[in-house]
Amino acid sequence: MDLEVKNKGWIEVIAGPMFAGKSEELLRRIRRLDYAKQKYVVFKPAIDTRYSKGELVSHIKNKSKAIPIKKANEIYKHISYNTDVVVVDEAQFLDIELVEICEKLANEGRRVIIAGLDMDFRGEPFEVMGQLLSKAEDVTKLTAICMKCGAPATRSQRIINGKPARYDDPIVVVGAEEAYEPRCRHCHEVKK
């Protein structure tokens, strides 16, 4: 859903598991910004080099230029007074300061569009995404298709050597089809 508001400045969050189409939805919104001739800047965490270092790339290889950043406060270096929209993909990989930055940008009258995983491989919320979801004016929660039963998938199953990851494995492991698959609540497994 696209918001229609009288006052400029708000936060939109696109959330869901791996392979739900979050980046595709973000790219759709970016195309609309192009049509509207709005000035925008796209960011992605520098840690995400799966398909490209300087582009936001979906799993089906659609793309847009993006500035890789290590810390959320680097956003300020790349926006100007006339930037209408700030876009961030894979927000779960950025630090918690992103929440305060998004609030500030929205309060300044900018549209902020964020996409990211809402839960880690254990099925627990990523802190930065949980806070952004609670502060957003608009939330789009996407689902994928469970690779085991075909039900709507809301979780990202990490697979290591054909088996579910252990609970105490590192939270952040950047990967795609080789390391993750979408699962529903009932098929999602985490070895304790």
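How many bridges join strand β2 and β5, and in which sense do they pair? Strand β2 (residues 40–45) and β5 pair in the parallel sense over three bridges, and within that pairing K44 stands opposite P68 in β5. Two strands count as paired if DSSP finds at least two bridges between them.

Before going further, some housekeeping: this is a predicted model, where local features need pLDDT of at least 70, side-chain atom pairs count only at pLDDT 80 or more, and totals for chains, interfaces and linings use all residues. Residues are numbered from 1 along each chain as its sequence is written, and side-chain values use heavy atoms, with hydrogens and water left out.

**The whole chain**

The protein chain has four helices and 13 strands. These are DSSP runs numbered from the N terminus: helices are H or I with at least four residues, strands are E with at least two. Here are the chain's overall values.

| Property of the protein chain | Value |
|---|---|
| Buried residues | 48% of 192 residues |
| Contacts between residues 24 or more positions apart | 74% of those with a separation of 6 or more |
| Exposed area | about 10,000 Å² |
| Share of that area from carbon and sulfur atoms | 50% |

Buried means under 20% relative accessible area and exposed means over 50%, with partly exposed in between (1.4 Å probe, protein chains only). A contact means heavy atoms within 4.5 Å. Areas come from the Shrake-Rupley method with a 1.4 Å probe.

**The sheet and its helices**

Back to those strands: β2 and β5 belong to an open sheet of six, in the order β5-β2-β6-β7-β1-β8, with parallel pairing. At the edges sit β5 (67–69) and β8 (138–141), each pairing on one side only. On average, neighbouring strands here are turned by 20° against each other, direction ignored.

Helix α1 (residues 22–35) lies across β1, β2, β6, β7 and β8, and runs at about 160° to β7. Then there's α4, which packs on the sheet, touches β1, β7 and β8, and makes about 130° with the direction of β1. Axes are lines fitted to C-alpha atoms, for helices over the stretch in contact, and angles run from 0 to 180 degrees between N-to-C directions.

**A closer look at α3**

Helix α3 (residues 97–107) has L98, V99, I101, C102, L105 and A106 as its buried residues. Seen down the axis of α3, they fall within an arc of 165°, so they line one face of the helix. The arc is that of the directions from the helix axis to the C-beta atoms. Covering these residues are elements including β1 (10–16), α2 (75–78) and α4 (127–135). The face of α3 turned away from its buried side carries the exposed E100 and N107. After α3 comes G109, with a positive phi near 100°.
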